[in-house]
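Student: Hey, got a minute to walk through this one with me? I'd like to start with the helices and then move on to the packing.

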Amino acid sequence: MIKRNVSPTETNKYSNKKAKTSPKETNTTQTFLSAWVKPSPAKDASFEEKDSKKPALSFETVTKGLDGDKKELLKLEAETMDGEWLRALGVELKKPYFLQLKKFLKGEKESNKTVFPPERDIYSWSRYTPLSNVKVVIVGQGLCFSVQNGVRCPPSLLNIYKALKIDFPSFEIPKHGNLENWAKEGVLLLNASLTVRAHDAASHSNKGWEKFTDAIIQYLNEKKNNIVFMLWGAHAQKKGKNINKSKHLVLTAAHPSPLSAHHGFFECHHWSKANEFLKNRGRNPINWNCLANSQVQSSKAAADITLTAPTPTTTTAANSELEVQSSKAAANEASAIEDNKSE
């Protein structure tokens, strides 16, 4: 009889494989999901491993072709942006408009301006929702409706919860407004503008962020398949006007602000439509109920960053400032709706 030696690598491979199918992990994942949908495969049919398996980019690779001063401008991106997104957006980061945006932000910092969110959180969306895991995109203003634990839920988010409850009667409305678990499910919560000066709403508009977030949407539109885009309000719909509807699902509705939600938002049923589309395309649906009965803690995926963490006071102030920005944008849209009705 021939004996075959098994290497440590092979042993680890089999033990890891066994761990992935642990009943405990499966039960945890499906705790709330099972009430809405049938169990799905552990991995999407359209999961693109080529994104997640590529090696991380070094700072020198990210800044290749730039001189010393310009390299320094991209240090934050190299240190805090998720590797998959960093690779996808690397060319965009070196474009003149983006470098000019970074110079503007540097000037804000040198002038002791208070800017929200804190630097470490500007690209938190990329760490919560890696490129290979994007299933749904929600474009918003401010914090894209999400707020930190301990911060009062903004009216728009409360309306989102109400509409979801209409769509899924089993949805449990959480007692917090932190949507981090949605992001981990594959919901990309993308702000139109990623920073703002304290007490000066829209102060960072038209500085380059809008062009950058347009590039993110364009990349997903062109390079990916089977993504659901939820565009609420005229601003979001304008950003998504060029999305290819033959390969993606585009869902539009009024903004969830109390000033405009009564124009059909509550009856839009976007969440069930999104899950139906994902299932039909071989993708795992979103567990929209994953927020229930949990005070979401800061994601470990967003940790491991060398920058100083914000104080609770700063975090609360950031949410308040960005909620003001969101409310003003929604108010402007609602005003436009009323103007159209009167014409």
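**Helices, cores and a buried lysine**

Tutor: Sure, and helix 10 is a good place to begin: at 1.5 Å a residue, its 13 residues should span 18 Å, and its end C-alpha atoms sit 19 Å apart, which agrees. Keep in mind that this is a predicted model.

Student: Which residues of helix 10 are buried?

Tutor: Ser 156, Leu 157, Asn 159, Ile 160, Tyr 161, Ala 163, Leu 164 and Asp 167.

Student: And what covers them?

Tutor: The cover includes helix 11 (180-185), strand 5 and helix 14.

Student: How do helix 10 and helix 14 cross?

Tutor: Their axes come within 8 Å and cross at roughly 60°, so the two helices count as oblique to each other. On the helix 10 side, Ile 160, Ala 163, Leu 164 and Asp 167 meet His 270, Trp 271 and Ser 272 of helix 14.

Student: OK, zooming out. How many helices and strands are there?

Tutor: The protein has 15 helices and 6 strands. Of its 343 residues, 49% are buried. Among contacts with a separation of 6 or more, 76% link residues 24 or more positions apart.

Student: What's in the largest nonpolar core?

Tutor: It has 37 residues, and those with the most contacts inside it are Trp 85, Tyr 123, Trp 125, Phe 212 and Leu 220. The elements giving it two or more residues are helix 7 (83-93), helix 8 (96-110), strand 2 (136-140), strand 3 (187-191), helix 12 (209-223) and strand 5 (228-232). Helix 12 supplies the largest share, 6 residues.

Student: What does Trp 125 touch?

Tutor: Leaving out residues up to four places away in sequence, Trp 125 touches Trp 85, Leu 89, Leu 188, Leu 189, Leu 190, Leu 194, Phe 212 and Ile 216. There's also a second, separate core of 33 residues, which includes Phe 145, Trp 182, Leu 189 and Ala 253.

Student: Back to helix 7 for a sec. Which residues are buried there?

Tutor: Glu 84, Trp 85, Leu 86, Leu 89, Gly 90, Glu 92 and Leu 93. At the start of helix 7, a side-chain oxygen of Asp 82 comes to within 3.0 Å of the backbone nitrogen of Glu 84.

Student: And helix 12, how far does it reach?

Tutor: Helix 12 has 15 residues and covers 21 Å from first C-alpha to last, close to the 21 Å expected at 1.5 Å a residue. Its buried residues are Trp 209, Glu 210, Phe 212, Thr 213, Ala 215, Ile 216, Ile 217, Tyr 219, Leu 220 and Asn 221.

Student: Why does Asn 221 count as buried?

Tutor: Because its relative accessible area is 11%, and the cut-off for buried is under 20%. Beyond its neighbours within four places in sequence, Asn 221 is in contact with Asn 242, Ile 243, Asn 244, Lys 247 and His 248. Asn 221 and Asn 242 are 21 residues apart in sequence and 8.4 Å apart in space, C-alpha to C-alpha.

Student: Last one, Lys 239: buried or exposed?

Tutor: Buried, because its relative accessibility is 14%. Lys 239 lies in helix 13 (residues 234-239).

Student: What does its side chain make a polar contact with?

Tutor: The side chain of Asp 214, at 2.5 Å. Not counting residues up to four places away, Lys 239 touches Val 139, Ala 192, Glu 210, Thr 213, Asp 214 and Ile 217.

Technical notes
Residues are numbered from 1 along each chain as its sequence is written. This is a predicted model: local features need pLDDT of at least 70, side-chain atom pairs count only at pLDDT 80 or more; totals for chains, interfaces and linings use all residues. Side-chain values use heavy atoms; hydrogens and water are left out. A nonpolar core is a set of buried Ala, Val, Leu, Ile, Met, Phe, Trp, Tyr and Cys residues joined through side-chain atoms within 4.5 Å. Buried means under 20% relative accessible area, exposed over 50%, partly exposed in between (1.4 Å probe, protein chains only). Helices (H or I, at least four residues) and strands (E, at least two) are DSSP runs, numbered from the N terminus. Contact means heavy atoms within 4.5 Å. A polar contact is a pair of N or O atoms within 3.5 Å; within protein, one must be able to donate a hydrogen and the other to accept it, and residues adjacent in sequence count only if both atoms are side-chain atoms. The expected span of a helix is 1.5 Å times one less than its number of residues. Axes are lines fitted to C-alpha atoms, for helices over the stretch in contact, and angles run from 0 to 180 degrees between N-to-C directions. Angles under 35 degrees count as roughly parallel, over 145 as roughly antiparallel, 65 to 115 as roughly perpendicular and the rest as oblique.
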